[in-house]
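I opened this notebook to look up which charged side chains pair with each other, and where the partners sit along the chain.

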Amino acid sequence: IYATEFSSLKTDGTATLTATAKGILQGDTVPAFNIDMQVKNAMFRYPALLAGVDQINISANVQNPGGNIDLTTVNINPFSFRLAGMPFSLTAFVKTPVSDPDFKASAKGTIDLANIKKVYPLENEASLTGVLTADVQMQGRLSYAEKEQYDRFQASGMVNLKNMFLKMKDMKDVQVKQSTLSFTPQNVKLSQTDVLIGKNDLSLECTLENYLAYVLKGKTIR
């Protein structure tokens, strides 16, 4: 039986990390633990680059009362930031992660891919442009989707990519003029996708089913 606890020092009142653990780790039995991270209005910037990432806010907690690992809960609300002035936010809550993941998640915001090079040092010959926009919400249990109980599961929204251009050393240029991922409880649809790889011009359309079981349990996607 053991117990540990530690807490980080606050830096200008912007970040704290605390963690506790008490109990027995043996076989499938885990000790009671609680990990909590709070970041408020943080930022980082490379001195040699044009812009930075600011308004970083994180409220994250992982805990378990002890005993079964399936009693673990994960709560992230929010993980948000602003990249070169453009905001993006993620939230997630998960319980019963082993037996039947029960979760609620969302992602919303816009990222100008050209700004990544302004805040993070890419390879000298690498070039990336385009605009990624996301507005997705999901809520329910994995078993609802597996049993096709779509009236009990919520999934909506889309991820859109426009005018993406990627140039890297020793590989063909990749251009995505337009691509959209649309989410429903039944499937994810890839549509309006035009891709240019070198001189190969491709147009793609497809529907992906069983995507939640694939992401959460590693099962076969159709």
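I first fixed the accessibility terms: buried is under 20% relative accessible area, exposed is over 50%, and partly exposed lies in between, with a 1.4 Å probe and protein chains only. I noted that this is a predicted model, in which local features need pLDDT of at least 70, side-chain atom pairs count only at pLDDT 80 or more, and totals for chains, interfaces and linings use all residues. Residues are numbered from 1 along each chain as its sequence is written, and side-chain values use heavy atoms, with hydrogens and water left out.

Entry on the count. I took a salt bridge as a side-chain nitrogen of Lys or Arg within 4 Å of a carboxyl oxygen of Asp or Glu, and the structure holds seven of them.

Entry on Arg82. I found Arg82 in a salt bridge with Asp54, with the closest N and O atoms 2.7 Å apart. Arg82 belongs to strand E7 (residues 73-83) and Asp54 to strand E5 (residues 53-64), so the pair ties together parts 28 residues apart in sequence; strands here are DSSP runs of at least two residues, numbered from the N terminus. Both are partly exposed, Arg82 at 25% relative accessibility and Asp54 at 22%.

Entry on Asp100. I looked up its partner and found Arg141, at 3.6 Å from N to O. Asp100 lies in the loop between strand E8 (86-95) and strand E9 (102-112), and Arg141 in strand E10 (residues 127-141), so this pair ties together parts 41 residues apart in sequence. Asp100 is buried at 15% relative accessible area, whereas Arg141 is partly exposed at 25%. I also noted that Lys95, Asp100, Asp102 and Arg141 are linked in a network of salt bridges.

Conventions
Helices (H or I, at least four residues) and strands (E, at least two) are DSSP runs, numbered from the N terminus.
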